[in-house]
Number of protein chains: 2
Amino acid sequence: MKRTLAEGVVAGDVRAASRLMRDVDDGLPSAIPELQALHRRTGRALVIGLTGSPGAGKSSLCDRLIGLYRRQGKTVGVVAVDPTSPFSGGAILGDRIRMQEHATDPEVFIRSLATRGHLGGLSRAAAACVTVMDAMGKDVVIVETVGVGQDEIDVAGLAHCVVVVVVPGMGDDIQAIKAGILEIADVFAVNKADREGADRTVRELRAMLELRHATAGPTAAELLHHGLAAAGHGAASTAPAAPVWEPPIVKTVATQEQGIDELARAIGSQLAWLDETGQRPLREAARAKAEFLAILRERLLASALDRLERERGQLDEVARRIAAREADPWSLAEELVAR
Amino acid sequence: MKRTLAEGVVAGDVRAASRLMRDVDDGLPSAIPELQALHRRTGRALVIGLTGSPGAGKSSLCDRLIGLYRRQGKTVGVVAVDPTSPFSGGAILGDRIRMQEHATDPEVFIRSLATRGHLGGLSRAAAACVTVMDAMGKDVVIVETVGVGQDEIDVAGLAHCVVVVVVPGMGDDIQAIKAGILEIADVFAVNKADREGADRTVRELRAMLELRHATAGPTAAELLHHGLAAAGHGAASTAPAAPVWEPPIVKTVATQEQGIDELARAIGSQLAWLDETGQRPLREAARAKAEFLAILRERLLASALDRLERERGQLDEVARRIAAREADPWSLAEELVAR
């Protein structure tokens, strides 16, 4: 009997893994039972989220982390959601060539995801890639995203440890972090730290973290554990106050291989803290929630659109009628939801 | 009889508009019939998308455009989705104060949206705000987003004209544009054009646009009109090749009020082109599609989660069971979708 893709993945077959991820991308129904079968084989990999603005040097850091983990004898998977990442083919030629050293390493599995054309299914696709890489036995899975936008924040929710990468001397970026990214950071990497202003950036980050703490707002851990439920869906969680993780701030110069060991140690210490404080199960539940919501959202939409096209004609025609004010989008959506 | 919120909005009542947008944000079911009633009263406003990286100066440009349109006697609405925007409260105090001149202008209506806690409903909320502002009679509605991430690209789909703001001397940013934003740009603003490298940035953008044209890839207009359907959902559209709009590139220095007239003229010429070439209905349909998908996605998720919690217990408990491998997220999602 021919073995399933899931069996191939568990056996470490790279081609089966690639095929399954492509099937997921293409939205083939046959991918679902494979992923279902893989779910119980997952939970072993350490998932690291790497996020930050374009140009912060996430890909170079990722490259260095791959090298470090490989020297420790660990196998590595990379899911690149960042459109500017050389892993996704978005970067300049020089970067792409530099990455080739890992591209030929059979123990490094790299998969890039397009950021367009997913109808919001980007985090679902990312979740599936993490599942496949975990199931095929990768010790570490790095998910690289651009740190702006809800979709990307959702993707970060798949990680055990979220590393937010910033660069010195960009006051505006600090503002961006403040607004959306601070809450999800477990570790800060101030990359390109040989630039002027690195120490100031470190101080600003530290001040922001302290301010946050002092004003008794929700901690990063609390937001991550309870944020989705509290913010978007009914009653806020009333769990007792969780112990607080203070995100370390590490200076790195990825291109010079500086600070990479420290960064890896900071990641390791956060994971050790999760275990020591008994926070690990909460974090795993938060990851599961992020994954489940991503899957649910995208499957619901695809299913509703199928029904719409069967009953109401092509989406383009429906859109034309909405634009002509012959129908309104709220009623059409309610009608589909009511079924 | 007390008038409905929708009636208040149509009468130009600012408090009714604010209230309705807050109800939308809070996910109150009572908001839906109000929005349904408003839909037929919309379609008059010109919707301008303003997007780009944090620090590109989108808010300053927005501020200048407000001033320009106000001098032309037009009323203006602003929907700020950018977490770094002073409109959203994310920026430094100086910026915020500078904006106050418009905050006290009764003909300028500003509404900011949080980028967290929307469970992917960000573009739905933005769509609702545009609807309300359009219905209350604003001549121009500016939607300000950060130009990275699928959610933000979806929001840009609500606009008649998308202005992508870039700054000189950021090679990485050009790459980011190339990867995700180029397709949706109707007009480029090279802001902070008094900085070194502005002309080079203009040349790079022009080269990218020409390259794109030469390789006969889909044009911006084609992608916008057919992109969602083609990329995410079944068969690609086979519409005949649409006439091609060449995005103009305008140099601006928002803080010095330079280039603002040219920018507004570029926006105006793109809109005139839509009318002259008969592309306007296609664009309106694309806008309606973006809006409909945003609404549908979020309503489906909310409805499915309600059902889940009724039948399977709280989402947190479901997540815990997934994390413990007692259930898998794909099966749970399929089960909910199958209803």
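**Exercise 1. At what angle do helix 14 (residues 329-338) of chain A and helix 12 (residues 280-312) of chain B pack, and how far apart are their axes?**

Solution. The model is a predicted one, and every value below is to be read in that light.

Step 1. Two packed helices are described by the angle between their axes and the distance between the axes. For helix 14 of chain A and helix 12 of chain B the angle is about 35°, and the axes are 9 Å apart. The crossing of helix 14 of chain A and helix 12 of chain B is right-handed.

Step 2. Turn next to the residues that meet. From helix 14 of chain A come A:Pro329, A:Trp330, A:Leu332, A:Ala333, A:Glu334, A:Leu336 and A:Val337, and they meet B:Ala288, B:Glu291, B:Phe292, B:Ile295, B:Leu296, B:Arg299, B:Leu300 and B:Ser303 in helix 12 of chain B. Sorted by character, the residues of this contact divide into eleven nonpolar, one polar and three charged.

**Exercise 2. Work out the strand order of the sheet in chain A, and follow one pairing down to a pair of residues.**

Solution.

Step 1. Chain A has a secondary structure of 14 helices and seven strands. Seven strands form an open sheet, paired in parallel, in the order 3-2-4-1-5-6-7. At its edges stand strand 3 (108-112) and strand 7 (249-251) of chain A, each of which pairs on one side only. From one strand to the next, the twist averages 20°.

Step 2. Strands of a sheet pair through backbone hydrogen bonds, either parallel or antiparallel. Strand 6 (residues 187-190) of chain A runs parallel to strand 7 of chain A and is joined to it by three bridges. Within this pairing, A:Ala189 has A:Val250 in strand 7 of chain A as its bridge partner.

Step 3. Now add the helices that lie across the strands. Helix 4 (residues 58-71) of chain A lies across strands including strand 1 (46-52), strand 2 (76-80) and strand 4 (140-146), and runs at about 175° to strand 4 of chain A. Helix 6 (residues 122-135) of chain A lies across strand 1, strand 2, strand 3 and strand 4 of chain A, at about 165° to strand 4.

**Exercise 3. Which strands are the edge strands of the sheet in chain B, and what is the bridge partner of B:Val47?**

Solution.

Step 1. In chain B, seven strands with parallel pairing form an open sheet, in the order 3-2-4-1-5-6-7. Strand 3 (108-112) and strand 7 (249-251) of chain B are the edge strands, each pairing on one side only.

Step 2. Strand 1 (residues 46-52) and strand 4 (residues 140-146) of chain B run parallel, and seven bridges join them. The partner of B:Val47 in strand 4 of chain B is B:Val141.

Step 3. Helix 6 (residues 122-135) of chain B lies across strand 1, strand 2 (76-80), strand 3 and strand 4 of chain B, and its direction makes an angle of about 165° with strand 4 of chain B.

**Exercise 4. Explain how the buried residues of helix 3 (residues 31-39) of chain A are arranged, and find what they pack against.**

Solution.

Step 1. Buried residues make up 55% of the 339 residues in chain A. In helix 3 of chain A, the buried residues are A:Ala31, A:Glu34, A:Leu35, A:Leu38 and A:His39. They lie on the same side of helix 3 of chain A because they cover an arc of only 140° around the axis.

Step 2. These buried residues pack against helix 1 (5-10), helix 2 (14-25) and helix 6 of chain A, together with helix 14 (329-338) of chain B.

**Exercise 5. Compare the settings of A:Lys192 and B:Arg325: where does each lie, and is each buried or partly exposed?**

Solution.

Step 1. Most residues other than glycine have a negative phi, and most peptide bonds are trans. A:Lys192 has a positive phi of about 55° although it is not a glycine, and phi of B:Arg325 is near 65°, likewise a positive value in a residue other than glycine.

Step 2. A:Lys192 is in the loop between strand 6 and helix 9 (198-214) of chain A, whereas B:Arg325 lies in the loop between helix 13 (315-323) and helix 14 of chain B.

Step 3. A residue counts as buried if 20 or more other C-beta atoms lie within 10 Å of its own. A:Lys192 has 24 other C-beta atoms within 10 Å and is therefore buried, while B:Arg325, with 14 C-beta neighbours inside 10 Å, counts as partly exposed.

Definitions and conventions
Residues numbered from 1 in each chain as written. Chains lettered and ligands numbered in written order. Predicted model: local features only at pLDDT ≥ 70, side-chain atom pairs only at ≥ 80, totals over all residues. Pairing = 2+ DSSP bridges. Helix = DSSP H or I, 4+ residues; strand = E, 2+ residues; numbered from the N terminus. Contact = placed C-beta atoms within 7 Å. Axes fitted to C-alpha atoms, helices over the stretch in contact; angles between N-to-C directions. Left-handed = near helix turned anticlockwise from the far one by under 90°. Nonpolar A, V, L, I, M, F, W, Y, C, P; charged D, E, K, R; others polar. Buried ≥ 20, exposed ≤ 12 C-beta atoms within 10 Å, placed from the backbone. Arc of directions from axis to C-beta.
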